[in-house]
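Grab a coffee and open your viewer. Here are a few exercises to work through, each with a solution to check yourself against.

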Amino acid sequence: MPAISIRNLQKSFPAFTLKNVSFDVQKGTIMGFIGENGAGKSTTIKCILNVLKKDSGLIKIFGYDHTKEEMQIKEEIGVVYDDLPFPETLTGSEIEKFMSRLYKNWDEPLFYQLLKQFKINPAKKVKELSRGMKMKLSIAIALAHHPKLLILDEPTSGLDPIVRDEILDLFLHFMEEEEHTILFSSHITSDLEKIADSITFIHEGEIVFSESKDVLLYEYAIWKGSQQELKDLPEDAIVRMRQGIYGVEALVRKNRIHSIFPTTRPTIEELMVFLTKGDI
Ligand SMILES: Nc1ncnc2c1ncn2[C@@H]1O[C@H](COP(=O)(O)OP(=O)(O)OP(=O)(O)O)[C@@H](O)[C@H]1O
């Protein structure tokens, strides 16, 4: 049974629609959820968490319906939004008191231990914390009730590389428990390259792919050459093309192209750019 299972999720705003979004997040794995600004990542996450009402579709978390059986799953999920959803005048300790009333498994010593580890003074007000500190506080809040599933919406955006790395390490530490799972939205693809097991890519409200990272990086390759050399490439190998500064670049399927053609391994970012901006 997957940790999260989404089938045919639809949600419409006046100028945007999530169209038949379907994917699974397997237990014990980290899924990176990528897409450009406005692609529908936050909308999908908010629908999963039922803070936004879906129009239609099925969402299950650990096999439970995410709306009808919300109480059964609440304890199992820790959520981190890209901004702290608390008044700026509250201190870490005040937030702790509030949160302890919401969760049966709330672990006060763990919360304070995490703040100590993150070097955050619990007496400081939210408005006195830097963006990195706010994010760490948010992560401490999400972890302090011992969730099995972390759902993170852009947890590393706007943070410097050192803090980002620290936060990625925290997620890897969380994953040391076999049953733990993370769904992590980001447009910082290098972060996902480091820690994700699978990648789901959303573009204009539609899922382009949802695949294990290794399969993706094995399936595709980047070929570079001149317009003339391009003619030698088997047509069915070419997925997308674009005009580069020094010639043509093509995203190709590795299994359709002879190893005689020199190719390189794509990054997640290259895959994303080719699949959204490349010509067919
Ligand atoms: N409450 C709302 N009312 C109307 N439109 C909305 C609402 N929330 C989101 N949208 C629109 O839905 C689209 C998708 O937004 P969403 O926040 O899901 O994108 P995203 O992939 O998370 O982007 P980003 O990376 O910038 O956070 C955008 O065009 C946005 O303007």
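## Exercise 1: The core

The largest nonpolar core of this predicted model has 62 residues, and the ones with the most contacts inside it are Ala140, Ile151, Leu183 and Phe184.

**Task.** Find which helix gives the largest share of this core, and which residues are in contact with isoleucine 151.

**Solution.**
- Step 1: Start with the helix. α5 supplies seven residues, the largest share of this core.
- Step 2: Look at the domains. At least three residues of the core come from each of domain 1 (4-212) and domain 2 (216-277).
- Step 3: Select isoleucine 151 and skip its neighbours within four places in sequence; its contacts are then Ile45, Ile48, Leu49, Ile77, Val79 and Leu183.
- Step 4: Put this in context. In soluble globular proteins, nonpolar side chains tend to be buried together.

## Exercise 2: Where the domains meet

**Task.** Describe the side of domain 1 that touches domain 2, by elements and by residue class.

**Solution.**
- Step 1: Set the scene. The C-alpha centres of domain 1 and domain 2 are 34 Å apart.
- Step 2: Count the contacts. Eleven residues of domain 1 meet seven residues of domain 2.
- Step 3: Name the elements. On the domain 1 side, α7 (189-195), β9 (198-203) and β10 (206-212) each give two or more residues.
- Step 4: Sort by class. That side of domain 1 has five nonpolar, three polar and three charged residues.

## Exercise 3: The ligand and helix α1

**Task.** Work out which helix gives the largest share of the shell around the ligand, and how many residues of that helix, α1, are buried.

**Solution.**
- Step 1: List the shell. Around the ligand are Phe13, Phe16, Gly35, Asn37, Gly38, Ala39, Gly40, Lys41, Ser42, Thr43 and His187.
- Step 2: Sort by class. The shell has three nonpolar, seven polar and one charged residues.
- Step 3: Find the helix. With three residues, helix α1 (residues 41-48) gives the largest share.
- Step 4: Check burial in α1. Six of its eight residues are buried, namely Lys41, Thr43, Thr44, Ile45, Cys47 and Ile48.

## Exercise 4: The two faces of α3

**Task.** Decide why the buried residues of α3 lie on the same side of the helix, and what covers them.

**Solution.**
- Step 1: Pick out the buried residues. In α3 (residues 92-100) they are Gly92, Ile95 and Glu96.
- Step 2: Use the arc. These residues span only 105° around the axis, so they sit on the same side of α3.
- Step 3: Recall the geometry. An α-helix has 3.6 residues a turn, so residues three or four places apart point the same way.
- Step 4: Turn to the other face. The face turned away from the buried side carries exposed Lys97 and Phe98.
- Step 5: Find the cover. Over the buried residues lie elements including α4 (108-117) and α5 (131-143).

## Exercise 5: Positive phi

**Task.** For asparagine 8 and phenylalanine 62, say whether each is buried or partly exposed.

**Solution.**
- Step 1: Recall the background. Most residues other than glycine have a negative phi.
- Step 2: Take asparagine 8. Its phi is positive, near 50°, and the residue is found in strand β1 (residues 4-13). Asparagine 8 is partly exposed because 13 other C-beta atoms lie within 10 Å.
- Step 3: Take phenylalanine 62. Its phi is positive too, at about 50°, and its place is the loop between β4 (56-61) and β5 (64-65). Phenylalanine 62 has 20 C-beta neighbours inside 10 Å, so it counts as buried.

How values were computed. Residues are numbered from 1 along each chain as its sequence is written. This is a predicted model: local features need pLDDT of at least 70, side-chain atom pairs count only at pLDDT 80 or more; totals for chains, interfaces and linings use all residues. A residue is buried if 20 or more other C-beta atoms lie within 10 Å of its own, exposed if 12 or fewer, and partly exposed in between; C-beta atoms are placed from the backbone. Helices (H or I, at least four residues) and strands (E, at least two) are DSSP runs, numbered from the N terminus. The arc is that of the directions from the helix axis to the C-beta atoms. A residue is near a molecule or strand if its C-beta atom, placed from the backbone, lies within 6 Å of it. Ala, Val, Leu, Ile, Met, Phe, Trp, Tyr, Cys and Pro count as nonpolar, Asp, Glu, Lys and Arg as charged, and the others, Gly among them, as polar. Domain bounds come from an automatic or database domain assignment. A nonpolar core is a set of buried Ala, Val, Leu, Ile, Met, Phe, Trp, Tyr and Cys residues joined through C-beta atoms within 7 Å.
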